[in-house]
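Thanks, everyone, for making the time. I would like to walk you through one model this morning, going from the arrangement of the chains to a few local details.

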There are 2 protein chains.
Amino acid sequence: MFVDLSVLLNEETPVYPGDPQTHITPAGLLHKDGYKDHYVCIGTHVGTHMDAPSHMLENGKNLNDFPLERFSGRGVLIEVNESFNIEEVKSAAVQKGDVVLFNTELSARYQEDVYFTDYPAMSEEIAQFLIEKEVGIVGVDTCSVDNIDGFPIHKLLLQNEVLIIENLTNLKILRGKNFRVHAFPVKLAIDGAPVRAVAELI
Amino acid sequence: MFVDLSVLLNEETPVYPGDPQTHITPAGLLHKDGYKDHYVCIGTHVGTHMDAPSHMLENGKNLNDFPLERFSGRGVLIEVNESFNIEEVKSAAVQKGDVVLFNTELSARYQEDVYFTDYPAMSEEIAQFLIEKEVGIVGVDTCSVDNIDGFPIHKLLLQNEVLIIENLTNLKILRGKNFRVHAFPVKLAIDGAPVRAVAELI
């Protein structure tokens with residue numbers, strides 16, 4: 001059984017302040033062309049997406065530089081109550097290659113301005129702990145792993161080639177479950193891409 | 001271990017005749033904005049992508065109308081030598097929910113014009129056989145499951161909610177292997193989407 005951790009991507013999907021708007025326009029019409037298709041214009045960081053090191057780092061790797069093994073792994077859910085807590089993270093027994101998902105429940109407020117202005121983020125101490133454990137991916141149900149200027153958490157994780165997924169949803173469904181996460185991004189040779197992140201219950 | 005069945009998606013990725021060109025332009029610059037991102041404009045049927053019934057059928061389902069279970073399944077590889085052969089298909093013992101991949105080896109000629117003008121396609125008899133077996137997905141390493149006017153194979157498969165993946169690659173690596181295919185498309189509420197199709201060897 002699978003759980004969908006990805007938001008729907010359409011013109012109403014909120015974009016991070018300053019990022020380009022999504023436009024989805026018809027390119028083929030059934031009655032005229034015999035088929036229907038569309039032209040989809042999106043920023044690489046809209047909706048549920050993955051960040052590659054080149055998003056923040058000069059000469060950082062692009063998404064297509066990573067082997068597929070890096071996009072699938074044991075899932076670990078960590079609850080965030082008001083703020084990220086290092087003790088919660090330590091007690092989660094994360095292992096090398098894990099996909100660590102932080103559940104703030106803010107995905108319920110995705111359509112509100114507050115989603116982009118008032119959200120918790122992990123400390124550098126937590127990021128450093130996850131790096132030392134050699135986790136593969138960190139995922140959040142917020143707009144960013146950073147909520148202060150300068151993107152220190154992005155840089156710390158990406159310098160150590162921990163991949164990042166933002167704007168996840170449905171994380172609460174994973175409570176008490178054992179699961180793998182599959183998050184194979186669209187094969188783009190740039191800084192990020194939409195990803196259909198899913199959890200496979202085991 | 002995983003095998004990547006998806007082509008790289010960039011401005012050089014060939015597009016089906018008449019489909020819109022891909023444009024990938026910078027939207028954020030590291031030295032100016034503090035991060036790098038891009039604006040990606042693509043047709044829904046460029047590169048390795050999945051077709052939903054609405055691609056060809058009035059009132060057909062969109063991709064987001066299918067449960068995630070439909071995007072993952074046991075993989076079956078069928079060799080195509082010059083032409084699709086019903087006996088090869090019958091001997092492959094396909095089952096309900098399978099992801100049936102046809103290896104023509106034409107992915108090696110993806111950058112040549114001939115890729116879009118001279119390629120084999122399955123007969124209606126083969127499509128009907130796969131429908132009766134209730135396979136979940138049919139995948140090809142060619143530009144289309146149809147090579148004659150009117151898209152009869154698309155329509156037959158999609159009317160029966162068999163999903164289609166086109167422009168696959170690396171299929172020959174799967175010879176003699178047991179594998180699952182994961183092909184979770186970007187969550188778009190339209191006729192098709194890029195998909196990072198992968199095989200997981202088991």
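Let me start with how the two chains of this predicted model are related: chain B is superposed on chain A by a rotation of 180 degrees with 0.0 Å of shift along the axis, and the RMSD is 0.0 Å. That is the relation of a two-fold axis. If you want to find the axis from the side of chain B, look for Cys41(B), whose C-alpha is the nearest to the axis in that chain, at 2.0 Å. Both copies use the same surface, in that 100% of the contact residues of chain B recur in chain A.

Next, please turn to helix H4 of chain B, which covers residues 152-159. Which of its residues are buried? They are Ile153(B), His154(B), Leu156(B), Leu157(B) and Leu158(B), and what these buried residues pack against is strand E4 (49-51), helix H3 (124-132), E7 and E8, again within chain B.

The surroundings of this helix bring me to the backbone. As a reminder, most residues other than glycine have a negative phi. Ahead of the helix, in the loop that runs from strand E7 (137-140) to H4, sits Phe151(B), and its phi is positive, near 55 degrees, although the residue is not a glycine. Is Phe151(B) buried or exposed? Its relative accessibility is 17%, and because the cut-off for buried is under 20%, Phe151(B) counts as buried. After H4(B) comes Glu161(B), which also has a positive phi, in this case near 60 degrees.

Another residue to mention here is Asn167(B), located in the loop between strand E8 (163-166) and strand E9 (179-182) of chain B. Its phi is near 60 degrees, once more a positive value in a residue other than glycine, and with a relative accessible area of 4%, Asn167(B) is buried.

Finally, let me move to chain A and to the largest pocket, for which the computed volume is about 170 Å³. What lines the largest pocket? The lining consists of Arg70(A), Lys96(A), Gly97(A), Ile131(A), Glu134(A), Val135(A), Gly136(A), Asn160(A), Glu161(A) and Val162(A). Sorted by class, that lining has four charged residues, together with three polar and three nonpolar ones.

Conventions:
Residues numbered from 1 in each chain as written. Chains lettered and ligands numbered in written order. Predicted model: local features only at pLDDT ≥ 70, side-chain atom pairs only at ≥ 80, totals over all residues. Heavy atoms only, no water. Least-squares fit on C-alpha atoms with pLDDT ≥ 70 in both. Contact = heavy atoms within 4.5 Å. Helix = DSSP H or I, 4+ residues; strand = E, 2+ residues; numbered from the N terminus. Buried < 20%, exposed > 50% of the residue type's maximum accessible area, 1.4 Å probe, protein only. 1 Å grid on protein atoms, 1.4 Å probe; cavity = no way out; pocket = protein on both sides within 12 Å on 5 of 7 lines; lining within 4 Å. Points joined across faces, edges and corners; volume = space filled by probe spheres on them. Nonpolar A, V, L, I, M, F, W, Y, C, P; charged D, E, K, R; others polar.
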